[in-house]
Amino acid sequence: MPGFKVLIAGAGIAGLTLAQGLRRGGIECEVFEREPLDTWRTGYLLNLDAEGDGGLAACLPPPLYELFVRACGETMEGHDLSVVVDPAGHQLTSMKHVGAEATGERPPTNIDRRTFRQILLAGLDDVVRHGTEVLGVDVTDESVEVRLAGGRTASGDVLVAADGVGSAVRRQLMPEVQIIPAPVGALGLFGRAPLTHDIEAELPETIWNAGFCIVSDGRGTMLGIGHWRPRQAAPEAAAELAIAGSLRPARPYVMLNGAIPPGVEVPPPSEWTDETPEAMHATMAAAVADWHPAIRRLVERIELATLFSHPFRRLDPTPPWPTSRVTYVGDAINAMLPTLGKGANMAMRNAAVLRDELLGADRGERPLLHAIRAYEDDMRAATYPLMELAADHQRFGGGGLRRPGDAEAESDQVPAAG
């Protein structure tokens, strides 16, 4: 059925990656995003791997992909490692990224989430509808019609729900799927400190050279540390590549999360007041008072306005459902804990697979529903095992990684998915 239109609910990483891929392949699409553009909150660092990078390379126009590569963080010696250290900076254990190895002259490292979203939005001004919430969908054998806030509707041939873990589309069509609260303790508290050359010089190499680091005191207090300094400032790179659009400059920084002792509650976002950031910061500083001096100084330099808490939620793998003109990508179907750093990466990977299947249907190579079914089968095989592994946060992401040589170390080498 050549010449069809794809509607996408949600302009997060999955939805925008898919939209870029469809536009690149010549398929009409329209994206509906609940949040207004000027109030969008993105968080800080996104750690990248080969699956996510491959999905982006397939979907983004070449100049935009080059901009993404240049905006990624500098390549560190352990860019593909998650490392656990003690408060003095001595390495306890480490684990490589799950899945294919990130290699090459400029391997995927990490990127500032706001910068990344600006890149993903480039060239999509005419298809992304900000401040437009999808409330539900009506599906027939021939088309889909989405119901939008304000009484409006939009029609197309396919609806892709990329509207996050609380997906309104999934709630309507698969109400039996339960969202699972997934507390990760104080690791849900995030802040940012400027990355300066003196900080770089002071940090132990075990922390500086890692893609991501968790400092664990062995008594339940943990601090996540990740830093981002782009290979090239995004506005400068965009100008060199003749990419139109507004890319705001972002200063290099260190992302910090956690450092709250057990028993101290981090208020949920709805309960934060003007005093909460200062109180949380004071608690963090006290918790690391006897840690490595560079770590202490990092925590002391957290900018109060950047502190926020994020309540993580996840899904269990959903049993197969009847294939229709509605399908799902990203957290709408694969929401997982950040334990393995795979959620966003698999969202980009799966968006590229879905794009390829839809392109095949657009070329008349296979019926549309066959293409959607092929995508869903592939998505389940590739992503469901990772959802189950990521749910074991204490073992893989909470400072519980085994040391090499431990009796169970070999079993802790997580296999690459499908």
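**Exercise 1. Is Glu35 buried, partly exposed or exposed?**

Solution. This is a predicted model, and every value below is computed from it. Step one: take the relative accessibility of Glu35, which is 29%. Step two: compare it with the cut-offs, where buried means under 20% and exposed means over 50%. Glu35 therefore counts as partly exposed.

Step three: look at the partner. Glu35 forms a salt bridge with Arg34, and the closest N and O atoms are 3.8 Å apart. Arg34 has a relative accessible area of 53%, so this residue is exposed.

**Exercise 2. Describe the overall dimensions and make-up of the protein.**

Solution. Step one: count the elements. The protein has 14 helices and 19 strands.

Step two: judge the overall form. For 418 residues, a compact globule would have a radius of gyration near 22 Å; the protein has 21 Å, which agrees. The C-alpha trace spans about 65 × 50 × 45 Å along its principal axes.

Step three: consider burial and contacts. Of the 418 residues, 55% are buried. Among contacts between residues at least 6 apart in sequence, 76% join residues at least 24 apart.

**Exercise 3. Which residues touch the most other members of the largest nonpolar core?**

Solution. Step one: the largest nonpolar core holds 88 residues, and Val6 and Phe68 touch the most other members.

Step two: list the contacts of Phe68, leaving out residues up to four places away in sequence. Phe68 touches Leu48, Asp53, Leu56, Leu60, Ile111, Phe116 and Ile119.

Step three: check for another core. A second, separate core has 31 residues, including Met76, Val83, Val215 and Trp272. As background, nonpolar side chains tend to be buried together in soluble globular proteins.

**Exercise 4. How many residues of helix 4 are buried, and how many of helix 12?**

Solution. Step one: helix 4 covers residues 113-121, and 7 of its 9 residues are buried. The buried residues are Thr115, Phe116, Arg117, Gln118, Ile119, Leu120 and Leu121. Two of these names, Phe116 and Ile119, also appear among the contacts of Phe68.

Step two: helix 12 covers residues 343-362. In helix 12, 18 of the 20 residues are buried, so the helix is largely enclosed by the rest of the structure. From first C-alpha to last, helix 12 reaches 28 Å, close to the 28 Å expected at 1.5 Å a residue.

Step three: look past the helix ends. Helix 4 is followed by Gly123, with a positive phi near 80°. Just after helix 12, Gly364 takes a positive phi of about 80°.

**Exercise 5. Place strand 9 among its neighbours and assign its two faces.**

Solution. Step one: strand 8 (residues 134-139) pairs with strand 9 in the antiparallel sense over 5 bridges. Val139 has Val144 in strand 9 as its bridge partner. Strands 8 and 9 form a hairpin with 4 residues between them.

Step two: turn to the next neighbour. Strand 9 is joined to strand 10 (residues 153-156) by 4 bridges, and these two strands run antiparallel. Here Glu145 has Ser155 in strand 10 as its bridge partner. Strands 9 and 10 form a hairpin with 4 residues between them, and Gly150 in the turn has a positive phi of about 90°.

Step three: assign the faces of strand 9 (residues 144-148). Val144, Val146 and Leu148 make up the covered face, while Glu145 and Arg147 make up the uncovered one.

**Exercise 6. Which parts of the protein do the salt bridges Glu303–Arg192 and Arg301–Asp198 tie together?**

Solution. Step one: the side chains of Glu303 and Arg192 meet in a salt bridge at 3.7 Å, N to O. Glu303 lies in the loop between helix 10 (293-300) and strand 17 (308-309), and Arg192 lies in strand 13 (residues 189-194), so the pair ties together parts that are 111 residues apart in sequence.

Step two: the side chains of Arg301 and Asp198 meet in a salt bridge at 3.0 Å, N to O. Arg301 lies in the loop between helix 10 and strand 17, and Asp198 lies in helix 6 (residues 197-202), so this pair ties together parts that are 103 residues apart in sequence.

Step three: check accessibility. Glu303 counts as partly exposed at 22%, and Arg192 as partly exposed at 23%. Arg301 is partly exposed at 31%, and Asp198 is partly exposed at 33%.

Step four: set the pairs in context. The whole structure has 26 salt bridges. Lys5, Glu28, Glu30 and Arg129 are linked in a network of salt bridges.

How values were computed
Residues numbered from 1 in each chain as written. Predicted model: local features only at pLDDT ≥ 70, side-chain atom pairs only at ≥ 80, totals over all residues. Heavy atoms only, no water. Core = buried A, V, L, I, M, F, W, Y, C linked by side-chain atoms within 4.5 Å. Buried < 20%, exposed > 50% of the residue type's maximum accessible area, 1.4 Å probe, protein only. Contact = heavy atoms within 4.5 Å. Expected span 1.5 Å × (residues − 1). Salt bridge = Lys/Arg side-chain N within 4 Å of Asp/Glu carboxyl O. Pairing = 2+ DSSP bridges. Rg over C-alpha atoms; globule rule 2.2 N^0.38 Å.
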